[in-house]
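Reader: I would like to go through this model with a few pointed questions. Please keep the answers short.

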Amino acid sequence: MNYETLLCEVKDQIARVTLNRPKVLHALNAQVFDELEAVFTTLATDQAVRVILLTGSGEKAFAAGADINELAGTDPIAGEAKARRGQAVFRLIETCGKPVIACINGFALGGGCELAMACTMRLASETARLGQPEVKLGLIPGYGGSQRLPRLVGQPAALKLLLTGDMIGAAEALRIGLVDEVLPADKLMERAEALAKTIVGMAPLAVSGCLEAVRDGSEVSLEEAIDMEAKIFGRLYATADKQEGTKAFLEKRAPVWTGQ
């Protein structure tokens, strides 16, 4: 498919989705949400794709946030609808069933930070700047940021960012757990691709099972979560990949996964 606000390429079972509105630092408008929904819906069912990298073109921004021109004239009803639309698209990314690695190469502010938090992992360049500045506009995060941020970094650290609207650098984001690794700018995509290749080498159904167990288990009680884990664990015993994995281990060879 052809897109106007993003680029998508697939190579060696790794998809790279690149936000491509450099003149506005990849600000998130209605068209971007439509195209993100379309591309992630497609990639989620593409058997040739095992891992997805998400980044912004150039070095200035991952995504600088919502398009303020769209927000300025929005009334309460349209505002709530806009929030629900963004939440739905980010939830699609979060639950697409495949690891999504955010490669943060500059500003990730407001909706851009929320987009990164909807991903499975976050790698940041040393020049990355992250934050939730919505209070400076008289708003709160509307695309899940008020909920995902405290789940990632804890309530006190989350509230410090939410209430001050401050931007933080990559080192501080790493310290509080908002990002998982910090790399020199010229090494960011290289590291992301290496990480993606490692995941591609693992059993596909086991990878999706891990995603399911962690994602869904974090939203219920511990008792329900470990019950869920046992069911997924048992389900994987019925797969050809489990048979291949154990057989390959005993035969001291590399497994050949079929995703079945």
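**A buried histidine, a sheet, a helix and the cysteines**

Author: This is a predicted model. His26 counts as buried, at 2% relative accessibility.

Reader: Between which strand and which helix does the loop with His26 lie?

Author: His26 is buried, because its relative accessibility of 2% is under the 20% cut-off. Its loop follows no helix or strand numbering of its own; the flanking elements are strand E2 (14–19) and helix H1 (30–44).

Reader: Which backbone oxygen lies 3.5 Å from a polar side-chain atom of His26?

Author: His26 touches residues including Leu19, Arg21, Ser57, Ala61 and Phe62, leaving aside those up to four places away in sequence. From among these contacts, the backbone oxygen in question belongs to Ala61.

Reader: Which strands stand at the edges of the open sheet?

Author: The sheet has four strands in the order E4-E6-E8-E9, with mixed pairing. Each edge strand has a single partner strand, so one side of it is left without a neighbour in the sheet. The edge strands are E4 (61–63) and E9 (167–169).

Reader: By how many degrees are neighbouring strands of this sheet turned against each other on average?

Author: The sheet in question is the open one, E4-E6-E8-E9. With direction ignored, the average turn between its neighbouring strands is 20 degrees.

Reader: Which residue in E8 does Phe107 stand opposite?

Author: Strand E6 (residues 107–109) pairs with strand E8 (residues 129–131) in the parallel sense, over three bridges. Opposite Phe107 stands Arg129.

Reader: Within what arc do the buried residues of H5 fall?

Author: In helix H5 (residues 145–153), the buried residues are Gly145, Arg148, Leu149 and Val153. Seen down the axis of H5, they line one face of the helix, because they fall within an arc of 105 degrees.

Reader: Which helices are included in what covers the buried residues of H5?

Author: The residues to be covered are Gly145, Arg148, Leu149 and Val153. Their cover includes helices H3 (76–94), H4 (111–117), H6 (155–164) and H7 (170–176).

Reader: How many disulfides does the count come to?

Author: A disulfide needs two cysteine sulfur atoms within 2.5 Å. For Cys96, the nearest cysteine sulfur is that of Cys119, 8.9 Å away. The sulfur of Cys210 is 15 Å from the closest one, in Cys96, so that is too far for a bond. The count is zero.

Reader: Is Cys96 buried or exposed?

Author: The cut-off for burial is under 20% relative accessible area. Cys96 has 9%, so it is buried.

Definitions and conventions
Residues numbered from 1 in each chain as written. Predicted model: local features only at pLDDT ≥ 70, side-chain atom pairs only at ≥ 80, totals over all residues. Heavy atoms only, no water. Buried < 20%, exposed > 50% of the residue type's maximum accessible area, 1.4 Å probe, protein only. Pairing = 2+ DSSP bridges. Helix = DSSP H or I, 4+ residues; strand = E, 2+ residues; numbered from the N terminus. Axes fitted to C-alpha atoms, helices over the stretch in contact; angles between N-to-C directions. Polar contact = N/O pair within 3.5 Å; in protein donor to acceptor, adjacent residues only side chain to side chain. Contact = heavy atoms within 4.5 Å. Arc of directions from axis to C-beta.
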